[in-house]
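I opened this notebook page to record what I looked up, one topic at a time. The structure goes in first, and my entries follow.

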Amino acid sequence: MPESTNKSEDTNITTRLIKFIETLSTAQKKSLFNQLEEQQRIRRKNLRKHPRKITSVVSDYAVDDRVFKDFIQNISAGGVFIQTSSSFSVGQSITLTFSFPGYEEPIKVAGKIARKSSEGIGVKFSEMNKDLEAIL
């Protein structure tokens, strides 16, 4: 739970943390970093509105009148993560078409690129697709 602090107190805490970290060995710094990174990952996961489902589904998608084909790594009612090496910008509109095994009709859904990383892009759906909702 975040505490309310003033700017002076925040600066003091930051300065003390930096001094403390400077005294650690490289192995201790790596361990601390890994612990903080894991806490951040858990916090982000808990902030998600929709649970993610790990998958490996091929998707055709269009961004700025260009068509791409890559794998969806995970999917939720709110969006997908697409593994891609193509370069995109946060905020770009995207339209995806993909099929799930055992489901006859392809699913078409629109969204916006919400985040990007070296592994791919996170897409937030503009609205929920009824077919997709039934699958998830």
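Before placing anything in a loop, I note that helices and strands are taken here as DSSP runs, at least four residues for a helix and at least two for a strand, numbered from the N terminus. I also note that this is a predicted model.

Entry on the fold. I looked up the elements of the protein chain and found three helices and six strands, which run from the N terminus on in the order α-α-β-β-β-β-β-β-α. I then looked at contacts with a separation of 6 or more, and residues 24 or more positions apart account for 46% of them in the protein chain.

Entry on the surface. The protein chain has 136 residues, and 24% of these count as buried. Its exposed area comes to about 10,100 Å², of which carbon and sulfur atoms supply 51%.

Entry on the core. Which residues have the most contacts inside the largest nonpolar core? I find Tyr61, Val80, Ile82, Ile94, Leu96 and Phe98 named there, in a core of 20 residues. The elements giving two or more residues to this core are strands S1 (53–63), S2 (66–76), S3 (79–83), S4 (93–98), S5 (107–116) and S6 (120–125). As a general note, nonpolar side chains tend to be buried together in soluble globular proteins.

I followed Tyr61 further and, leaving out residues up to four places away in sequence, found that Tyr61 touches, among others, Val67, Phe68, Ile82, Phe88, Ile94 and Leu96. The list for Tyr61 also includes Arg66, Lys69, Asp70 and Thr84.

Entry on charged pairs. How many salt bridges does the count come to? The count comes to one salt bridge, and I located it between the side chains of Lys69 and Asp60, at 3.3 Å from N to O. Is Lys69 buried or exposed? Lys69 counts as exposed because its relative accessibility is 55%, with the cut-off for exposed set at over 50%. Asp60, with a relative accessible area of 34%, is partly exposed.

Entry on Gln92. I placed Gln92 in the loop between S3 and S4, and then asked whether Gln92 is buried or exposed. Its relative accessible area is 17%, so Gln92 is buried, given that buried means under 20%. The side chain of Gln92 makes a polar contact of 2.5 Å with the side chain of Asp64. Setting aside neighbours within four places in sequence, I list Val63, Asp64, Gly111, Lys112 and Ile113 as the residues in contact with Gln92.

Key: Residues are numbered from 1 along each chain as its sequence is written. This is a predicted model: local features need pLDDT of at least 70, side-chain atom pairs count only at pLDDT 80 or more; totals for chains, interfaces and linings use all residues. Side-chain values use heavy atoms; hydrogens and water are left out. Buried means under 20% relative accessible area, exposed over 50%, partly exposed in between (1.4 Å probe, protein chains only). Contact means heavy atoms within 4.5 Å. Accessible areas come from the Shrake-Rupley method with a 1.4 Å probe; for residues, only the protein chains shown count as cover. A nonpolar core is a set of buried Ala, Val, Leu, Ile, Met, Phe, Trp, Tyr and Cys residues joined through side-chain atoms within 4.5 Å. A salt bridge is a side-chain nitrogen of Lys or Arg within 4 Å of a carboxyl oxygen of Asp or Glu. A polar contact is a pair of N or O atoms within 3.5 Å; within protein, one must be able to donate a hydrogen and the other to accept it, and residues adjacent in sequence count only if both atoms are side-chain atoms.
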